[in-house]
Amino acid sequence: MLLTRGDTRHKATTAWVEEGENADTHQDVVLTAGDPAHPASRRIRLTDAWAGASHHLDEDDDPDAFLISFTDITIDK
């Protein structure tokens, strides 16, 4: 799964992506489709996920897009 980041970037996500080769960084990840505060927004759970290759589209250090690999995917409602 390729994710492109918006203008708001969380430092913990950047650190996780940059440690993608480290197997200790595998964790469950939940992506929210829509407004996180809205109860009807779907949550996509990636089990045992890790960040793969990152892509830099500009000169700054944080990745603009990155690949996420995972062992399982479920949709939480």
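Which residues line the largest pocket? The legends below take this up for a predicted model.

**View 1. The largest pocket and its lining.** In this predicted model, the lining of the largest pocket is made up of Leu3, Thr4, Arg5, Gly6, Thr8, Arg9, His10, Thr13, Val30, Leu31, Thr32 and Phe66. The pocket's volume comes to about 270 Å³.

**View 2. Strands at the pocket wall.** Two elements each give two or more residues to the lining of the largest pocket: strand S1 (2-4) and strand S2 (27-33). S2 has the largest share, with 3 residues. Val30, Leu31 and Thr32 are among the lining residues, and so is Phe66.

**View 3. The chemistry of the lining.** Sorted by class, the residues around the largest pocket come out as 6 polar, 4 nonpolar and 2 charged. Look for Arg5, Arg9 and His10 here, along with Thr4, Thr8 and Thr13, all of them in the lining.

**View 4. The fold around the pocket.** Pull back a bit and you'll find 1 helix and 5 strands in the chain. Going along the sequence, they follow the pattern β-α-β-β-β-β. Of the contacts in the chain with a separation of 6 or more, 48% are between residues 24 or more positions apart.

**View 5. Inside and outside.** The chain has 77 residues, and buried ones make up 23% of them. As for the surface, about 5,300 Å² is exposed, with carbon and sulfur atoms supplying 51% of that area.

Key
Residues are numbered from 1 along each chain as its sequence is written. This is a predicted model: local features need pLDDT of at least 70, side-chain atom pairs count only at pLDDT 80 or more; totals for chains, interfaces and linings use all residues. Side-chain values use heavy atoms; hydrogens and water are left out. On a 1 Å grid over the protein atoms alone, a cavity is a set of points where a 1.4 Å probe fits but cannot get out, and a pocket is an open set with protein on both sides within 12 Å along at least five of seven lines; lining residues have an atom within 4 Å of a point. Grid points are joined across faces, edges and corners, and a volume is the space filled by probe spheres set on the points. Helices (H or I, at least four residues) and strands (E, at least two) are DSSP runs, numbered from the N terminus. Ala, Val, Leu, Ile, Met, Phe, Trp, Tyr, Cys and Pro count as nonpolar, Asp, Glu, Lys and Arg as charged, and the others, Gly among them, as polar. Buried means under 20% relative accessible area, exposed over 50%, partly exposed in between (1.4 Å probe, protein chains only). Contact means heavy atoms within 4.5 Å. Accessible areas come from the Shrake-Rupley method with a 1.4 Å probe; for residues, only the protein chains shown count as cover.
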